[in-house]
Amino acid sequence: MEAVMMKRDDCLKALARHVTDTDIVLPVYSTAFDWIEIRPHALNYLSHGAMGLASSHALGLALGRPDRRVIVLDGDGSLLMNLGSLVSIGAAAPANLFHFVCENGTYEANGGHPIPGRDRVDFAGFARSAGYRAVHQFTDLKIFEQQVGALLSEPGPLFVDLKITSSGPQERDYTRIHGPHVRKAFKDALAAG
Amino acid sequence: MQQAASTESRGYLHGSSIIREIKASQIEFVVSVPDITTSEGLLRPLSQQTAPRLVRICKEDEGVGICAGLAYAGRRALLLIQQTGLLDSINAVRGVAVEYGLPICMMVGLLEKEPDVRPMQSKRYGVRIVEPILDAMGITYHEIEEEADVAKIKPAIDAAYAQSRPVVLLIGRRPS
């Protein structure tokens, strides 16, 4: 029997059960709006300045704070804008970087148009050939729920491709992501510990 | 005496002097895509040292994000690129460095700039447009053309971090 497609918010809830108070999390766009409802926290790094750059911000944080787990929750459209970052991360090889991609095949925040190469692009293959230490792909929520805790206890850089569907309609108040208060809260929280 | 020293410094730019100032600025990471102007005089010797740590990247806008993450982590970084890469990264610089007000410090080699010619007087369109673009974006920049200009580097980087804003250091000739 074919597995039921995973909903993004269900995957994020499973992940959130294993995220600690010291972890830094960088979610993008639609994933960010789900994530801040599931795990509101000052160490959510939400302001990336330009589409595609989350994985690069994550690399900087991972190199600068090797004592913290840095978890980037990327989108497939976003990652396509910065594929070179996979190679840069593979080369720098930070053990504390965990790179999840929520793959739904669309630019969900920009009208739901399909990404180029939808259903043909192999994100896990990109990460594997870029030199990530381990690469995983999930299409079944139960299996992801069983394994995600163990994945986060492995040394990185780790790449996880989640084949998901949208969580449904969202209210996208971008001041919750780009507002200066968000960046100040993050800066203060990271400096405090 | 000061005049003589200045005259002596004309026409020369030493990579070792720039690296000395980078280290004096407490830069811990150099994030770079190779640039032909600074390739031999700066990037090559930096690649042979353990500190600052060299992070090689694929595209310059990645570096803007990496330097932002490092800034939040309280670590100083320098993005060493060519002006073609700066032009390619304008949106990242706009969003991350300018609108968020982060200390993204960029050292930018000016490809094909003629020595001893001010960038805006260059015959090369790709050189001539750089400073007007930085002016339009409200980004502070400094020309590093000869040895006497190296003294601008540390104050520029210190000011960028003190005021949490970007700065660009334009390298106008190939350092020896």
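# Reading sheets, helices and an interface

Analyst: Strand 1 (residues 29-32) and strand 3 of chain B run parallel and are joined by four bridges. This is a predicted model, and the pairing makes a suitable starting point for the tutorial.

User: Which residue of strand 3 of chain B is the bridge partner of Phe29(B)?

Analyst: A pairing may be read residue by residue. The partner of Phe29(B) in strand 3 of chain B is Ala77(B).

User: How many bridges join strand 3 of chain B to strand 4 of chain B, and in which sense do the two run?

Analyst: Strand 4 (residues 105-109) of chain B runs parallel to strand 3 of chain B, and four bridges connect them. Within this pairing, Ile81(B) has Val108(B) as its bridge partner in strand 4, and Leu80(B) has Met107(B).

User: In what order do the six strands of the open sheet of chain B stand?

Analyst: The order is 2-1-3-4-6-5, and the pairing is parallel. Reading along that order, strand 3 of chain B has strand 1 on one side and strand 4 on the other.

User: Which strands stand at the edges of that sheet, and why is one side of each left without a neighbour?

Analyst: The edges are strand 2 (53-56) and strand 5 (140-144) of chain B; each has a single partner strand, so one side of each lacks a neighbour in the sheet. From one strand to the next, the twist averages 20 degrees.

User: How should the side chains of a strand be read, and which residues of strand 3 of chain B point one way and which the other?

Analyst: In a regular strand, side chains alternate between the two faces of the sheet. In strand 3 of chain B, Ala77(B), Leu79(B) and Ile81(B) point one way, whereas Leu78(B), Leu80(B) and Gln82(B) point the other way. All of these residues are buried. Strand 3 (residues 77-82) of chain B is accordingly described as mostly covered, with six of its six residues buried.

User: How many residues of strand 3 of chain A are buried?

Analyst: Strand 3 (residues 70-75) of chain A has six of its six residues buried. Both of its faces are covered: Val70(A), Val72(A) and Asp74(A) lie on one side, and Ile71(A), Leu73(A) and Gly75(A) lie on the other.

User: Which strand of chain A do four bridges join to strand 3 of chain A, and which strand pairs with strand 3 of chain A over six bridges?

Analyst: Strand 2 (residues 24-27) of chain A runs parallel to strand 3 of chain A and is joined to it by four bridges. Here Leu26(A) stands opposite Val72(A). Strand 4 (residues 97-103) of chain A also pairs with strand 3 in the parallel sense, over six bridges. In that pairing, Gly75(A) stands opposite Cys102(A).

User: How is the packing of two helices read, and at what angle do helix 4 and helix 6 of chain B pack?

Analyst: Two packed helices are described by the angle between their axes and by the distance between the axes. Helix 4 (residues 60-72) and helix 6 (residues 90-99) of chain B pack at about 10 degrees, with axes 9 Å apart. Helix 4 of chain B is therefore roughly parallel to helix 6 of chain B, since angles under 35 degrees count as such.

User: Which residues of helix 4 of chain B meet which residues of helix 6 of chain B?

Analyst: Helix 4 of chain B contributes Asp61(B), Val64(B), Gly65(B) and Ala68(B), which meet Ala92(B), Val93(B), Val96(B) and Ala97(B) of helix 6 of chain B. By class, the residues of this contact are six nonpolar, one polar and one charged.

User: How many residues of chain A are in contact with chain B?

Analyst: The contact involves 26 residues of chain A and 24 residues of chain B. On the chain A side, helix 3 (54-64), helix 5 (84-92) and helix 9 (180-192) each give two or more residues. The largest share, eight residues, comes from helix 3 of chain A. By class, that side has 12 nonpolar, 11 polar and three charged residues.

User: Why does Gly149(A) count as exposed or buried?

Analyst: Gly149(A) has 12 C-beta neighbours inside 10 Å and therefore counts as exposed, the cut-off for that class being 12 or fewer. Gly149(A) lies in helix 7 (residues 141-151) of chain A. Its C-alpha atom is 8.2 Å from that of Arg17(A), although the two are 132 residues apart along the chain.

How values were computed: Residues are numbered from 1 along each chain as its sequence is written. Chains are lettered from A and ligands numbered from 1 in the order in which they are written. This is a predicted model: local features need pLDDT of at least 70, side-chain atom pairs count only at pLDDT 80 or more; totals for chains, interfaces and linings use all residues. Two residues are in contact if their C-beta atoms, placed from the backbone, lie within 7 Å. Ala, Val, Leu, Ile, Met, Phe, Trp, Tyr, Cys and Pro count as nonpolar, Asp, Glu, Lys and Arg as charged, and the others, Gly among them, as polar. A residue is buried if 20 or more other C-beta atoms lie within 10 Å of its own, exposed if 12 or fewer, and partly exposed in between; C-beta atoms are placed from the backbone. Two strands pair if DSSP finds at least two bridges between them. Axes are lines fitted to C-alpha atoms, for helices over the stretch in contact, and angles run from 0 to 180 degrees between N-to-C directions. Angles under 35 degrees count as roughly parallel, over 145 as roughly antiparallel, 65 to 115 as roughly perpendicular and the rest as oblique.
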